[in-house]
Structure formats: C-alpha cells, structure tokens
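Visitor: I'm new to this, so could you walk me through this structure?
Guide: Sure, have a look and ask away.

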Amino acid sequence: MKTQRVLTGITTSGTPHLGNYVGAIRPTVRASRLAEVESFYFLADYHALIKVGEPARVQRSTLEIAATWLACGLDPDKVTFYRQSDIPEIPELTWLLTCVTGKGVLNRAHAYKASVDKNNAANADPDAGVTAGLFMYPVLMAADILMFNAHQVPVGRDQIQHIEMARDIAASFNHLYGEHFTLPEAAIEDHVATLPGLDGRKMSKSYDNTIPLFAPRDQLRKLIMGIVTDSRAPGEPKSTEGSALFQLYQAFASTEETAALAQAYADGMAWGDAKQVLFERLDQEIAPLRAVYDELIQEPERIERTLKAGAEKARAIATPFTARLRHAVGLRPLQAAATRTTSKANKIAAPTFKQYREQDGLFYFKLIDAQGALLLQSTGFAAPRDAAQAMARLQREGSAALEALATHIAMQGNAATVAAALRSFAEPQ
Ligand code: TRP
C-alpha cells in the first residue's frame with residue numbers, strides 16, 4: 001500500500017549541476033523506488049518566471065531538467081512526473097489560497113525580506129524591483145504542495161520556511177472551509193552533504209562555481225583540474241579537512257575508496273593525480289547517465305509526450321479536487337442556492353457523516369451531501385463503537401464496503417451519487 005505522498009519541484013531557471021545531483025536528484029530518484037511512497041515530481045516553470053525574464057532560457061532549462069530526471073532513472077510509469085504549467089488548476093488554487101493568506105505572513109518571507117533589506121540599505125524604495133510574483137512565491141508553492149495533499153516535501157534548508165507557510169495556509173483554509181488539505185512537512189536530507197564548488201564555497205549558481213552535471217567528458221576534466229587546492233607540493237602530506245576535492249570524491253566513492261584516497265593524501269599524493277582520480281570516479285558514475293541524457297535531449301518531442309502523459313495523471317487528481325474546492329468556497333452552480341438559505345447549511349462544504357442517538361436508545365449514522373440531502377441511513381447499533389466502525393469502513397473503502405454492510409444500511413440514495421460522496425473521504429484525495 002502507498003501510504004506516504006512525497007512531492008517536490010525544481011525551478012526551471014538553469015542547467016543542473018553536480019550539487020543538484022548529489023543533493024536532490026540522486027536521493028530523490030532512489031526514494032521514488034521505495035514501494036510505500038507515491039511520488040510527485042514536477043518542473044516548476046511558473047516559479048521560473050519570477051526570476052528569469054528570458055523565454056528561451058526557461059524553455060531550455062525545462063528541457064534540460066526533464067531530461068536530467070529521466071536520465072538519472074526517474075521512471076514516469078511509477079511516479080507522477082509533470083510540468084507545473086500543464087496543470088491550470090495550480091494557478092486556480094493559488095488564488096483560492098491567496099484569499100486566506102495574511103499579507104503580513106508574506107511580508108516575512110525570507111526571499112522578499114532580503115530584497116527589502118537590500119533596498120533599505122541602498123536608501124531605495126523598499127519595494128524597488130520587487131514584483132508581485134516574488135511576493136506571492138510562497139502561495140504558488142503552497143498550491144503545488146496542497147493540490148496533491150503531499151505529506152512529505154523533500155527540500156533544501158532554504159525552503160523550510162515555505163513549507164511552514166504552506167502548512168499555515170492549509171490550516172487557515174481548513175478552518176474556514178472544512179478539512180480539505182493535508183498539512184505538509186519538510187523532509188530535510190540531513191546526511192546528504194552540501195557539495196563544494198570549484199572555489200570551495202557551496203556549489204551554487206549564484207556563486208558561479210558549478211560543474212554542470214552533464215558537461216562533456218573533456219569539459220568535466222578541465223573543470224575538475226581547476227578546483228582550488230592549497231599549495232602543497234607533490235610528496236608533501238595533504239589534509240582531507242577542508243579539501244573540496246576530497247569532499248567531492250566522498251560524495252561519489254564507496255567508504256573503502258574514500259579511505260584509500262585519505263591514505264594517498266597522507267602519503268603525499270600530488271594534487272594533479274588526486275584530480276585525475278576524482279575525474280575518473282565521477283565520470284564512472286556519470287558517463288552512463290550522460291549517454292542517456294545526450295540521447296534524450298535530441299528528442300524533445302519524446303520528453304514533451306512524457307510530460308503530457310504525466311500531466312494527465314496529475315490532472316486526474318487535480319481536476320476533481322479543484323471542483324470540490326470550488327464548491328467548498330462557494331463557487332457553485334446556482335440551481336441549488338435557493339434551497340440553502342441558513343448560514344449553517346452553507347457552511348457544509350462537502351458530504352459529511354453524522355452520528356447520533358435516537359429515542360430508541362440505539363446509535364445511528366447518516367451520510368448527507370453538501371446540500372444536506374440524505375444519501376445513506378444506517379440501521380440502529382447497540383454500541384456507538386460499532387456505528388463508528390461501520391462509518392470508518394465506508395470512509396476508507398467507499399462503496400466497495402456497502403455490500404458487506406448491507407444489513408446495516410436502512411436507506412440508500414442513488415448509487416452513483418453515494419459512490420461519489422464516499423470517494424470524497426478516501427485518502428489521499
Ligand atoms: N521553490 C523551490 C526551489 O526553488 C521549487 C519549488 C516550487 C518547490 N514549488 C515547489 C519545491 C513545491 C517543493 C515543493 O527549490
């Protein structure tokens with residue numbers, strides 16, 4: 001049984017590098033193979049528009065990142081792999097969430113605050129150069145996560161605040177409109193080291209010190225030969241501590257291989273030789289993936305088809321869920337409006353079970369639809385626990401449980417309507 005939903009996105013604003021591979025892509029692909037998780041991976045191209053104003057770069061990055069995931073072994077038949085902008089329900093949900101998000105909460109978002117602080121320091125208008133897109137970034141991200149009711153969201157530390165905001169936004173919505181959203185949690189890969197870049201600082205696009213994951217072999221060698229080292233001569237013992245070269249090697253090599261390199265350092269291995277060892281070890285893992293990548297990138301139409309198929313899978317969830325959310329907030333067809341005039345009835349956003357005790361001393365439950373119409377009525381139970389268990393079983397198994405519970409059902413409405421109502425309880429939505 002798939003019990004946990006895991007979801008993560010990558011912004012399509014650049015070319016994947018070794019740091020992305022070690023920190024995010026490799027662990028995520030491995031995790032996606034676990035039987036008990038249901039994974040959602042997507043290309044966050046709406047998010048890319050916030051930072052990138054070059055259409056060709058957004059498109060190229062989307063292709064490169066999609067090809068990278070696939071080349072690294074993501075199996076689109078096992079996971080739901082899609083492009084954010086293929087799911088029109090995401091911007092729709094963004095709006096519903098925008099309307100329950102405090103502006104003050106967004107004022108405190110790190111990325112926005114950093115821009116404001118910079119402007120203040122430069123004596124500029126606090127919001128100079130800040131788009132409403134940057135300000136709204138956390139809400140769009142919350143929509144990504146909440147649309148699929150993800151439990152776990154693997155992200156880097158810099159994204160923890162965004163997941164916390166998604167939780168808060170979900171809780172506000174649930175409070176106002178009923179329990180629609182799972183509260184997500186950030187999953188931080190503590191044991192995955194941050195990879196150093198060419199200059200020894202964290203490998204990052206913003207430091208311009210990255211090694212592209214699928215650089216051609218000779219470019220990879222050239223880049224590795226340019227990694228900073230200290231000035232110890234061949235024959236002098238080298239320290240593994242603080243050696244970017246060593247940390248990079250460690251991220252790819254086995255424990256034994258790593259120990260062997262540490263020994264070679266102590267024995268005075270020349271930096272040039274150490275770089276050659278690192279290059280060969282890296283290339284050993286990357287070369288087979290690079291071959292697949294190079295092939296895929298030549299066939300963008302194949303990737304396009306894969307993404308479209310993924311979008312279809314994602315929308316099989318997003319479309320009905322959005323319909324339910326629209327109903328919950330009151331975006332509804334008008335026919336039924338006249339019959340629901342009390343504010344209490346209007347608050348009932350989705351089908352609900354009601355449990356109660358009758359004059360006869362027995363315990364009953366009933367299922368009513370969003371408009372308060374009776375869909376299912378139980379017979380009387382002597383113990384409240386038995387009534388609750390029957391109810392829970394219906395919520396869990398849906399109409400499949402109806403037959404087994406036939407003797408406890410006194411009245412049933414239209415079978416298709418009942419089935420649809422019961423489906424709205426089944427997790428995950
Ligand atoms: N903001 C994330 C980043 O820059 C990318 C992202 C967008 C994301 N939507 C998401 C990550 C939803 C996890 C879940 O890294």
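Guide: One term before we start: a residue counts as buried when its relative accessible area is under 20%. Also keep in mind that this is a predicted model.

Visitor: Are Y265 and W271 buried or exposed?
Guide: These two make an aromatic pair, 5.3 Å centre to centre with 85° between the planes. Planes over 60 degrees apart count as edge-to-face, so that's the label for Y265 and W271. W271 also has K238 lying over its face, at 5.7 Å from the ring centre. As for the cut-off of under 20%, Y265 and W271 are both buried.

Visitor: What kind of aromatic pair do F365 and F381 form?
Guide: F365 is in strand β7, while F381 is in the loop between β8 and α15, 16 residues apart. Their centres are 6.1 Å apart, and the angle between the planes is 20°. Planes under 30 degrees apart get one particular name, so this pair is stacked.

Visitor: Which polar side-chain atom lies 2.6 Å from a nitrogen atom of the ligand?
Guide: Let's go through some candidates. T11 has a polar side-chain atom 3.3 Å from an oxygen atom of the ligand, so the partner atom there doesn't fit your question. D144 does face a nitrogen atom, but at 2.7 Å. That leads us to the polar side-chain atom of Y137.

Visitor: How many residues of the shell around the ligand are nonpolar?
Guide: β1, β2 and α7 each supply at least two residues of that shell. Five of the shell residues are polar and one is charged. The nonpolar ones number eight.

Definitions and conventions: Residues are numbered from 1 along each chain as its sequence is written. This is a predicted model: local features need pLDDT of at least 70, side-chain atom pairs count only at pLDDT 80 or more; totals for chains, interfaces and linings use all residues. Side-chain values use heavy atoms; hydrogens and water are left out. A polar contact is a pair of N or O atoms within 3.5 Å; within protein, one must be able to donate a hydrogen and the other to accept it, and residues adjacent in sequence count only if both atoms are side-chain atoms. Helices (H or I, at least four residues) and strands (E, at least two) are DSSP runs, numbered from the N terminus. Ala, Val, Leu, Ile, Met, Phe, Trp, Tyr, Cys and Pro count as nonpolar, Asp, Glu, Lys and Arg as charged, and the others, Gly among them, as polar. Rings of Phe, Tyr and Trp (its six-membered ring) pair if their centres lie within 6.5 Å; planes under 30 degrees apart count as stacked, over 60 as edge-to-face and the rest as tilted. Buried means under 20% relative accessible area, exposed over 50%, partly exposed in between (1.4 Å probe, protein chains only). A charge sits over a ring if NZ of Lys or CZ of Arg is within 6 Å of the ring centre and within 35 degrees of the ring normal.
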